[in-house]
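Morning, everyone. Please pull up the model on your screens. I'll keep this quick.

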Amino acid sequence: MSLAQVETVAPEETGGSLGRDAWRRLRRNPVAIVGAILVIMFVALALLAPWLAPYPPDKPVGQVTPTSIPGPSAEHWFGLDDLGRDEFSRVLWGARWSLVIGVVSLLLGLIGGMVLGLLAGAFGGWVDGLVMRLVDIMLSVPGLLFAIGIAAMLGSGLDAVMIAIAVVNVPIFARLLRGQMLAQRQSDYVLAAKAVGVRRRRIVLGHVLPNSLTPVIVQGTLTLAVAIVDAAGLAFLGLSSNDPSIPEWGRMLADTQRYLSSAPLLAVFPGLAIIIAALGFTLLGESLREALDPKYRR
Amino acid sequence: MVFRQRGRPDVRAVDGVGFSVAPGETVGLVGESGCGKSVTSLAVMGLLPRRGVRVEGSVAFDGTELLTLPPDKLRTLRGRELAVVFQDPMTSLNPVVPIGRQVTEVLVRHRGLNEGEARREAGDLLRRVGIPDPSRRLREYPHQLSGGMRQRALIATALACRPRLLIADEPTTALDVTIQAQILELLKTLVAESGTALILITHDLGVVAGMCDTVHVMYAGRIVERAPRHDLFGAPRHPYTGGLLASVPRLDQPRGTRLAPIAGSPRDTIAWARGCAFAPRCPNRVDECTCATPELLGGRHGLRCFNPLRSGPVQEVAPR
Amino acid sequence: MRRDGMPLRRPAAVVAGLALAISAAACGGGDDAEPGTGGTQAAEGSAFIFASSADPAILDPAFHSDGESSRVTNQIFETLVATEEGGTGVVPGLAESWKVSEDARTYTFKLRQGVKFHDGEPFDAAAVCANFDRWYNFTGLAQADSVSYYWVTVFRGFAKNESDTLGKSLYGGCTAKDDGTVELKLTEPSAVVLSALTLSSFAIASPKALKDYKADQVSGTAESPQFTGTFGTEHPVGTGPFKFGSWTRGDKLEIVRNDEYWGEKAKLSRIIFRPIEKAADRAQALRAGSVHAFDYADPADLESLKSAGVQVLERAPFNMGYLGFSQRTEIMQNQKIRQAIAHAINRDNVVKTKYATGAKVANAFMPDSLWSYTEDFTEYDYSVDKAKQLIAESGVSDPTLEFCYPSGVSRAYMVDPAGNFQLMKADLEAAGFKVTPKTSPWSPDYLNTTQAGDCPLFLLGWNGDFGDPDNFLGTFFQSFSNQWSFRNEEIFKTLGDAEKEPDQAKREALYKQANALIADFVPGVPYAQSPSFSAAAKNVRGWVPSPVLNDKFSTISLN
Amino acid sequence: MLRFVVRRLTLLVPILLGLSILLFLWVRALPGGPAEALLGERATPEAVERVKRLYGLDRPWYEQYLTWVGNVFQGDLGVSSRTQHPVVEELLRTFPATVELALTAMIFAVGVGVPLGYLAARRHGTWADHLSVAGSLFGITIPVFFLGYMLKFVFAEKLGILPTDGRQDPLIDAEHPTGFYVLDGLVTGNPEAAWDAVTHLILPAIALGTIPLAIVVRITRASVLDVLHEDYVRTAEAKGLRPGTIRGRHVLRNALLPVVTVVGLQVGLLLGGAVLTETVFAFPGFGKFVADSIAARDYAVLQGFILFTAVIFVLVNLLVDVTYGVVDPRVRAG
Amino acid sequence: MTSDGRADPGGPPPPDGAAASAGPAPSNGAAVPGEPLLSVRGLKVHFPIRKGTLLQRVVGHVRAVDGVDLEVRRGMTYGLVGESGCGKSTLGKAVLRLVEPTAGTVVFDGVDLGGQGPEPMRRLRRNMQMVFQDPLASLDPRQSVESALTEPLRAHGFPGDRQGRVRELLDIVGLPAGAAGRYPHEFSGGQRQRVGIARAIALNPDLIIADEPVSALDVSIQAQIVNLLEDLQEQLGLTYVVVAHDLAVVRHVSDVIGVMYLGALVEEAPSDELYAEPLHPYTIALMSAIPIPDPEVEERRRRILLTGDLPSPVDVPSGCRFHTRCPFRQPTRCAEESPDLREMRPGRKVACHWAEEIATGTIRAAASAQDPTATEVGTPAVK
């Protein structure tokens with residue numbers, strides 16, 4: 001039975017959820033495609049490194065001396081490194097380690113930031129005040145210095161590096177999430193949910209949080225890039241894994257500075273790898289932002 | 001003055017809109033959001049972005065063709081001969097520049113006054129548009145003024161060089177009714193005093209009824225009906241015009257009459273090239289409506305419809 | 001002579017060493033006129049810019065023990081006896097001649113006449129004795145071996161020892177016989193003191209300046225002493241061919257020619273020391289022509305330096321790098337395991353991969369150029385099979401080794417510790433060991449942990465201070481030390497006897513015996529001895545690198 | 001405005017208080033604690049006791065904290081275990097160099113970034129736009145030290161047109177009354193020294209300024225794009241104003257507001273980045289000092305420097321807010 | 001709510017006759033008194049303004065709603081009208097306790113809402129619903145229509161076939177069943193508002209507060225929604241409080257209209273009478289300001305222009321809150337004495353000291369007000 005005349009819903013070219021909508025925008029963006037290809041390539045190499053790498057990454061396979069480090073050849077595509085190991089295999093395995101560093105530090109930072117942000121955003125009041133002061137304090141120390149401090153506290157090791165990078169990201173995620181949640185909490189649809197009698201927990205978890213996550217996802221993607229680059233910076237300062245034979249790009253790049261004059265290609269391969277991987281995540285993150293954030297839709 | 005212009009962005013926002021305004025005349029452009037009325041005003045002013053938008057046709061201002069005028073020539077006309085007041089006074093003033101400067105910059109630019117003269121003149125202008133304590137206001141920033149005051153300041157700016165044509169694009173939409181009444185009254189008075197031609201763009205039929213000599217009703221980028229206001233309100237011919245009038249509750253009519261809405265939404269259109277854009281919503285739709293494009297025909301009371309409403313003399317409408 | 005287990009207390013104590021030959025390889029690319037070499041800007045005037053790796057710690061010779069400081073003070077101060085140019089023999093310095101008594105307890109020095117300190121004070125016997133008395137009478141923090149390292153090392157103690165670790169002082173008094181004669185008495189006979197006096201730390205400073213600028217004011221802690229006087233930072237006054245000019249820390253330190261110098265005047269009007277931490281950066285600066293010379297070139301840079309027309313000067317090896325074992329853990333007490341490690345390491349590969357041409361595999365805990373060296377002991381050839389077999393014999397299943405290596409350090413005997421570590425780790429893993437890596441910054445953490453014996457496996461090395469086997473073997477193995485954590489009375493006794501033995505031939509025999517004992521016991525694996533390299537722009541003339549790092553820059557000129 | 005500043009300054013108090021507590025606890029959380037950090041891991045128990053007594057580490061932590069804070073207020077941040085100089089002295093010695101470098105980097109970032117961002121926005125959607133956006137993204141992803149080495153290799157070593165390291169050619173005898181070498185050169189009437197200092201700044205400033213540059217480009221672009229769509233810009237166009245007036249008064253003045261904020265936030269990034277850049281260019285500043293201290297586990301330096309950096313960072317942000325107040329009347333009122 | 005004969009939530013909408021039991025059909029012109037469903041007494045909503053960095057001192061209050069009494073009878077539509085910032089929306093939300101009132105009582109169906117804890121309050125919400133101004137903003141962009149409509153059902157433990165209920169609701173508000181799987185951004189404004197209305201009626205509430213239900217919509221759509229609301233009221237026996245700034249719309253849908261100015265009711269009247277004879281000067285001015293789409297009317301009209309702007313709700317003028325802009329302002333009482341909302345005659349309440357004099361024409365609007373607009377532009381305040 002009908003109380004009013006029935007309207008037809010105009011078949012729209014945009015269909016589906018907001019996510020699908022964003023996905024469509026993303027697919028049309030060449031920047032996003034380039035970014036996605038780079039990221040997929042990176043992840044694929046990282047996962048398949050053990051099968052793709054022609055040589056073990058941590059065992060010398062040829063004799064080198066400080067002044068004669070062979071460059072690329074048919075046998076060794078990227079040449080040998082300063083210890084006579086196959087550089088190509090190391091760069092491949094490096095993708096794996098960089099991915100581990102990026103993902104672990106991102107996840108840790110995300111979890112920390114989400115917990116803090118959620119506390120602040122969900123409770124407000126003095127909890128919010130306390131959390132935000134803590135965030136302010138953490139943000140008042142430049143990221144790299146902060147990471148250095150944390151790494152110094154934890155001692156050397158890749159886990160220390162990952163935690164340090166993660167901790168630096170905690171206040172960023174916390175603030176982002178909290179700001180979003182506060183904004184969402186003010187929104188009409190939250191009020192509407194309250195008005196129909198939806199429980200508070202369900203409002204926070206079912207409405208406020210999911211709608212606050214978009215910028216967090218974007219930031220997360222960008223953070224992966226930053227984490228990879230930051231890990232290189234920390235490695236340059238001597239904060240890296242205990243085991244130098246781990247083929248981690250940042251460490252590889254930092255360690256080859258002394259061969260810049262004798263074997264400059266040694267720095268080029270891990271350097272390019274870092275740039276390409278970070279660029280992939282950055283391009284993807286930026287286009288995600290454009291796809292998801294209405295402000296960027298033009 | 002004769003305007004004939006047609007804008008053709010990727011989507012034809014405005015298509016074959018033509019109208020003219022005589023000195024001292026007030027012309028109304030009425031339509032719902034997205035009907036292209038604002039695009040029209042921007043096209044007239046040459047304010048549409050150059051990239052991605054194509055404007056065809058002709059805008060003749062006092063014998064000068066505006067569309068082909070070099071940008072710097074056009075710039076000397078804008079603000080001096082042609083002025084515009086936009087919808088939202090909150091965003092139309094630069095938030096970081098004092099009100100005074102935003103008024104005087106026109107005077108300095110077009111009337112060649114020096115800063116001091118311009119300031120005095122600006123004070124006079126603000127007083128004329130009813131802003132109390134103008135010398136203080138000149139020093140203030142937009143956020144310190146209420147919406148009504150800002151719109152007054154914008155009107156003062158627009159009228160600073162006594163333009164021959166003023167386009168007011170939804171000048172009162174963002175304002176409360178009591179403030180709207182003040183602003184409309186002010187516009188009416190100023191236009192009458194100076195003999196400026198006024199194009200009033202609005203979605204509010206009530207505003208048009210009180211202000212305009214001639215009214216153009218737009219739908220989906222085209223003018224569908226054009227008439228002197230008494231004719232239009234007295235005997236609307238186009239089903240859209242009629243529908244609009246019937247769907248708005250009137251304060252002066254007895255309560256209890258059920259409103260007669262137009263079906264569908266403004267998004268339900270068909271391309272003009274394939275018929276009448278209003279056809280999907282039109283209660284008077286005939287077969288012809290979806291296969292031929294109606295032309296705007298008629299003299300004083302022009303109409304773009306194959307099957308107009310009954311009242312009044314029906315012009316013969318020829319299919320294209 | 002040295003306290004037990006004190007290898008290289010200061011990171012940069014890469015000083016001294018009775019040297020062998022030096023091949024001052026003036027191998028400049030001669031004809032090619034490549035750009036920038038020898039720098040247009042650097043050639044201006046007669047200023048010589050030397051890229052150091054760090055700022056000096058302190059310019060008071062008595063208080064420094066690092067090469068960066070001694071390189072500068074060597075130009076400002078002079079010692080009673082000096083080392084011969086480019087060699088290691090003891091030659092007259094501020095003392096024109098000297099006499100050693102029969103019992104080797106009294107040293108009489110005839111001083112050079114007409115020498116003045118930079119501040120105009122006369123150099124005489126009183127001044128010399130004032131310096132000795134100053135050193136002997138250090139109190140408080142100045143007694144810390146981190147402060148007056150070489151006094152403690154050579155003379156063992158002070159007038160009033162404030163710490164139990166100090167011994168009875170060897171110093172027995174200084175007497176000014178007349179203005180030009182100094183008599184130095186020792187409490188025990190010693191044949192080493194004369195060569196030790198060539199150390200820059202025993203340079204003679206102006207007593208007035210020492211007093212005026214409060215040289216002896218030290219505060220802080222022994223671990224972090226602060227010199228609050230200005231003698232060592234702004235007013236180092238000696239007799240040398242150069243005077244202190246100015247010092248902006250982190251930027252440059254400038255010394256200028258002493259025109260009143262008693263001997264042959266310096267050819268350069270001034271020398272600027274500019275700290276550039278990384279060897280690669282120093283090499284780049286030299287190739288770009290913004291500095292004239294630097295020490296400790298990275299072997300990796302040698303080719304590029306040579307091809308840029310830079311002269312590369314080699315100092316013969318007087319060092320050795322070793323893989324040390326701390327026998328605190330059970331697994332390291334197992335001799336088979338130690339032997340297995342010795343066989344597992346491909347030392348030849350390590351030396352080839354990470355060291356410059358001229359470096360050699362070390363087989364003993366001393367350079368093969370030092371007297372008493374012999375090959376007459378057990379050698380452990382590289383053999384994975386033998387290593388595996390020894391592991392099997394050891395009874396240890398699944399042997400796991402914690403392996404420490406330092407970061408932030410590069411030494412001639414250990415150019416790239418992380419590189420050495422990785423190569424050895426791969427070797428050990430190939431032999432069936434599991435390796436747990438551990439790293440820490442060289443100073444203070446790494447030195448501390450290794451000295452405490454906390455690392456079952458560790459990378460260290462040694463640069464000789466003196467041309468005596470005691471300086472190597474005695475330092476390591478004369479008595480129990482935490483670092484090695486073993487007691488082998490036979491080795492201890494042999495080395496103890498050798499130190500006291502006055503007869504040179506008998507000593508030599510004892511050291512040969514000690515080497516054999518050590519080789520059998522395998523307390524560690526010596527693996528490398530390497531020359532170090534200095535580099536100078538093409539137009540630098542007259543730089544004669546001293547094998548004991550007593551370089552005198554007064555002979556340098558720019559062409 | 002004064003009240004605003006005072007209010008913002010009081011806002012600093014909890015941040016600095018919190019930070020000081022965290023830093024204080026941080027040193028205590030370091031492996032082995034503060035005494036061991038001072039002495040090294042192999043310290044004898046007696047030495048640890050002695051140091052503890054000497055530094056009052058045997059007292060309750062809040063007393064220690066108060067003492068420490070008291071010392072900080074008196075300008076005593078402890079002694080660098082590496083250089084054996086007071087941390088404050090090292091700070092004052094090295095900081096001008098970093099400020100000079102950071103300023104130059106910022107001038108580079110803003111001077112190049114704003115015009116580039118504006119251009120990109122004006123040419124929205126064209127190749128110039130894509131290029132500047134892609135370039136700026138690229139700039140973010142290059143590890144700073146890698147870029148530094150590349151710059152040095154090309155411009156200093158291969159081309160030989162710029163110096164490789166340091167702040168001043170060692171051959172130039174310049175006095176340094178302020179510690180800002182360019183300024184020093186000018187005030188002491190030594191233009192050669194000033195120019196030389198400038199040439200030493202160029203490469204490190206480019207290396208350090210690249211990330212801020214990228215960020216400034218992107219913010220400027222986004223902001224200008226926003227402003228270009230603002231009604232008041234359209235109004236200004238409708239007034240027939242000259243393009244220069246519109247650009248300056250109406251577009252840039254508004255578009256640069258977010259840029260100001262970002263520039264302020266970049267200060268922290270610059271101080272962090274200086275650790276890498278200064279190390280690469282052997283630039284004797286704050287960052288290099290920190291890097292050297294990390295290698296030597298010199299925690300007093302790290303502690304003092306982090307505290308100092310935070311103060312600077314917060315003060316710069318205060319300055320940014322004040323600037324914001326000056327350029328944005330809306331903030332001034334609020 | 002089966003007690004008063006209305007349908008079970010799960011059941012089909014009641015036949016027309018069922019609505020009659022809730023009271024006479026409300027669209028029959030004048031208000032017919034039913035039992036009071038909602039009663040508001042002395043309602044105040046003050047938002048504190050805090051200042052200071054550490055200690056957030058309260059330096060003042062935004063008096064958004066400043067002492068409102070009103071009563072809404074079952075089955076009626078009460079219209080709240082006023083200009084932006086007058087507090088009408090806040091009042092609407094405060095009634096539902098979506099904004100916590102500072103003072104005053106709200107009694108709904110005999111229950112004092114003020115004393116309810118969060119959970120009882122949440123349960124009470126099934127009987128009182130809200131329709132929001134911006135239909136896009138009030139729908140979660142990530143929630144499909146189906147999810148948005150089942151949410152209230154789930155929240156209140158609706159038994160039975162929820163999907164069936166969703167289809168039913170869509171049908172009721174005139175949307176095709178296919179709309180269930182779609183997302184808010186895929187609809188037009190009018191359709192979204194239909195979704196919003198469907199959500200509001202999902203639980204068969206007694207009261208719906210509609211906050212500017214049509215102001216965000218295109219002119220041609222507004223009538224559709226207005227008609228839908230009217231139909232629903234008739235079918236479901238709903239009671240409405242309609243909050244809007246558009247007096248014409250409010251008058252069209254309401255039985256009783258309350259006019260708000262600066263946080264307070266200044267006049268309350270049956271809607272027919274209000275246009276015929278506005279009593280409060282503000283209402284008079286408001287009426288005269290509303291343009292009517294008829295040139296004939298427009299030309300004949302007397303327009304009373306108010307001077308100046310709305311004062312800030314932080315600084316509510318002393319005495320009569322309207323006296324700063326009142327064209328009928330008198331030298332006495334207005335500035336000093338705050339007028340009560342008094343019943344001038346049955347059904348007509350007004351908060352003006354001089355309402356009788358104005359009604360009889362004894363007091364006329366001032367020809368020249370303080371505002372220079374009127375004077376200097378040469379426009380008389382009354383035309």
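I'll go through one chain interface, two pairs of domains, and then chain A. One thing up front: this is a predicted model.

Let's start where chain B meets chain E. On chain B, 54 residues are in contact with chain E, and chain E answers with 54 residues. How much area is buried between chain B and chain E? About 4600 Å². Carbon and sulfur atoms give 56% of that area.

Now the polar side of that interface. The rule finds three salt bridges across chain B and chain E. Take one you can find on screen. Arg250(B) and Asp294(E) meet through their side chains in a salt bridge, at 2.9 Å from N to O. Polar contacts between chain B and chain E come to 15 residue pairs, with both partners at pLDDT 80 or more.

Which helices of chain B face chain E? Those supplying at least two residues each include α5 (115-128), α7 (147-158) and α8 (177-194). Further along chain B, α9 (205-211), α10 (229-234) and α11 (239-247) each do so too. The largest share comes from α8(B), with 11 residues. As for residue classes, the side of chain B that touches chain E holds 22 nonpolar residues, 16 polar and 16 charged.

Stay on chain B, but look inside it. Chain B is divided into domain 1, residues 2-212, and domain 2, residues 218-303. The C-alpha centres of domain 1 and domain 2 of chain B lie 28 Å apart. Contact between them involves 20 residues of domain 1 of chain B and 14 residues of domain 2 of chain B. Together these two domains of chain B bury about 1400 Å², with 59% of it on carbon and sulfur atoms.

How many salt bridges cross between domain 1 and domain 2 of chain B? The rule finds one. Glu32(B) and Arg281(B) form a salt bridge, and their closest N and O atoms are 3.8 Å apart. Between the two domains of chain B there are also four residue pairs in polar contact, both partners at pLDDT 80 or more.

On the domain 1 side of chain B, strands and helices both take part. β2 (17-19), β3 (26-30), α1 (37-45) and α9 of chain B each supply at least two residues of the side that touches domain 2 of chain B. Here α9(B) gives the most, five residues. You have met α9 already: that helix of chain B also supplies at least two residues of the side that touches chain E. By class, the domain 1 side of chain B has 12 nonpolar residues, five polar and three charged.

Next, chain D. The domain assignment gives domain 1 at 2-73 and domain 2 at 87-333 of chain D. Their centres, taken over C-alpha atoms, are separated by 32 Å. In chain D, 18 residues of domain 1 are in contact with 13 residues of domain 2. The two domains of chain D bury about 1400 Å² between them, and 82% of that is on carbon and sulfur atoms. Which three residues lead on the domain 1 side of chain D? Arg8(D), Leu23(D) and Trp26(D), with 30% of the area that domain 1 buries against domain 2.

Now count the polar links in chain D. Salt bridges between domain 1 and domain 2 of chain D: zero. Residue pairs in polar contact between those domains of chain D, at pLDDT 80 or more for both: also zero. Two helices of chain D, α1 (2-29) and α4 (61-73), are the elements giving two or more residues to the domain 1 side. α1(D) has the largest share, 13 residues. That domain 1 side of chain D divides into 16 nonpolar residues, one polar and one charged.

Last stop, chain A. An unreviewed UniProt entry places transmembrane regions at several stretches of chain A, including 30-53 and 259-285. Residues 30-53 of chain A are 96% helix and 0% strand, with end C-alpha atoms 31 Å apart. Residues 259-285 of chain A are 78% helix and 0% strand, and the end C-alpha atoms are 34 Å apart.

One final pair. The structure holds 87 salt bridges over all chains. In one of them, the side chains of Arg175(A) and Asp136(A) meet at 3.5 Å, N to O. Arg175(A) sits in helix α6 (residues 158-185) and Asp136(A) in helix α4 (residues 125-139) of chain A, 39 residues apart.

Over to you for questions.

Note on methods. Residues are numbered from 1 along each chain as its sequence is written. Chains are lettered from A and ligands numbered from 1 in the order in which they are written. This is a predicted model: local features need pLDDT of at least 70, side-chain atom pairs count only at pLDDT 80 or more; totals for chains, interfaces and linings use all residues. Side-chain values use heavy atoms; hydrogens and water are left out. Contact means heavy atoms within 4.5 Å. Buried area is the accessible area (1.4 Å probe) that two parts lose on being put together, summed over both. A salt bridge is a side-chain nitrogen of Lys or Arg within 4 Å of a carboxyl oxygen of Asp or Glu. A polar contact is a pair of N or O atoms within 3.5 Å; within protein, one must be able to donate a hydrogen and the other to accept it, and residues adjacent in sequence count only if both atoms are side-chain atoms. Helices (H or I, at least four residues) and strands (E, at least two) are DSSP runs, numbered from the N terminus. Ala, Val, Leu, Ile, Met, Phe, Trp, Tyr, Cys and Pro count as nonpolar, Asp, Glu, Lys and Arg as charged, and the others, Gly among them, as polar. UniProt positions are given in the numbering used here, feature names are shortened, and annotations may be inferred rather than shown by experiment. Domain bounds come from an automatic or database domain assignment.
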